[in-house]
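Open your viewer and get ready to click along with this tour. We will begin at one helix and work outwards from there.

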Amino acid sequence: MKTEVKKLDSNKREISIEVSGDIVKNKFEDVFAQISKEAKIPGFRPGHAPRDILEKKYSSHAHELVIKELIPQLYNQAIDKEGLEVLELPNISEVKLDRTTITFKAQVEVSPEIPVKNYKGIKVTYKKIEVGPEAIKRNIDSLKEARKIDVIDDNFARCLGYPNLAELEKAMEKQIYIQEENLQRQKIEKEIIENITAGLDFKLPQSLVNRQLQDLVRQAKLDLALKGSPRDKIEEQEKTITGQLEPEARSQVKVYLVLTAIAKKENIPIDDHMPRKAMEFLLKEADWKESSN
């Protein structure tokens, strides 16, 4: 196999592929064997028609089948050989085939090379979380108002599934603590990502942006439907929704690609759990300092 990769821009590559010899010859043999079994030639039983008759009658069909079966196989071998991280299906062009040789070109979009650096030891400031009695009381009062109950006591707690008021207050304290911890963690994660991406300038692969945007728009339309919006009204708003969500889609793709680049450098497996694992790594490597305020 001969391959040549041409860089079209930062994210697009054109691969020229040429294969000759037994691979092509054997594929023609396989295809004609398949045709012979299925062809209905007057005067011959299936599988017994002479090859020259099959060649004359089914040459064009055989040609199409060889292309259909060979190109995916050879394309995958080519991207493996060249070590390309392809993001979408290829655009195949300039296909040429004879009985011994096949050549074609495949235009693909690849993941950009992102020179991530200085992602360890990022300074972050955290605030010690303390849940005061006022916060607990506010949350329990909210529960009370939602249920139109006059007295907050052990009976009220038991209505909510707790043995007594003290246990309810303890559970509420834990819930508030977890909420505050999650909010603070989200804020710190955002600061870390902004710190890393601040000096990075790279072209986002449009296929990834489009895919993410479609997901966001689909979710937004579903949310509107669940809120009771009529289907025709939702469809009317789709263009506006798409425009509003595109910046968020681009931001999410940028973050994903940066985390992917870090994961590769740190030998973190690239799978569905990669973003979370990469973020955990960054949190672990950060320089933590408790706020004095």
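Start by selecting S207, L208, V209, L213, L216, V217, A220 and K221, the residues that are buried in helix α6. Keep in mind that you are looking at a predicted model. Color L213, L216, V217 and A220, which are among the buried residues of α6, and look down the helix. An α-helix has 3.6 residues a turn, so residues three or four places apart point the same way.

What covers the buried residues of α6? Show β4 (101–109) and α7 (231–265) as well: both are included in that cover.

Now select the whole of α6, residues 206–226. This helix has 21 residues, and from its first C-alpha to its last it reaches 30 Å. At 1.5 Å a residue, 30 Å is expected, and the helix comes close to that.

Step past the end of α6 and click on G228, which follows the helix. The phi of G228 is positive, near 100°.

Two more stops share the theme of positive phi. Which strand holds E94? Select β3, residues 91–97, and you will find E94 there. E94 has a phi near 50°, a positive value in a residue other than glycine.

Next, go to N118, in the loop between β4 and β5 (123–126). Phi is near 55° at N118, again positive in a residue other than glycine. Is N118 buried or exposed? Turn on the surface: N118 has a relative accessible area of 62%, and because exposed means over 50%, this residue counts as exposed.

Time to zoom out and show everything as a cartoon. You can pick out eight helices and six strands in the protein. Walking along the sequence, they come in the order β-β-α-α-β-β-β-α-α-α-α-α-α-β.

Rotate the whole C-alpha trace: along its principal axes, the trace spans about 95 × 50 × 40 Å. The radius of gyration of the protein is 31 Å, whereas a compact globule of 293 residues would have one near 19 Å.

Switch to the surface for the whole protein. About 19,200 Å² is exposed, with 48% of it supplied by carbon and sulfur atoms. Of the 293 residues, 32% count as buried.

For a last view, color by charge. There are 50 positive and 51 negative charges, and the mean positions of the two sets are 3 Å apart.

Conventions
Residues numbered from 1 in each chain as written. Predicted model: local features only at pLDDT ≥ 70, side-chain atom pairs only at ≥ 80, totals over all residues. Heavy atoms only, no water. Helix = DSSP H or I, 4+ residues; strand = E, 2+ residues; numbered from the N terminus. Rg over C-alpha atoms; globule rule 2.2 N^0.38 Å. Buried < 20%, exposed > 50% of the residue type's maximum accessible area, 1.4 Å probe, protein only. Areas by Shrake-Rupley, 256 points an atom, 1.4 Å probe, with all protein chains shown as cover. Lys, Arg positive; Asp, Glu negative; His and termini not counted. Charge placed at Lys NZ, Arg CZ, Asp CG, Glu CD. Expected span 1.5 Å × (residues − 1). Contact = heavy atoms within 4.5 Å.
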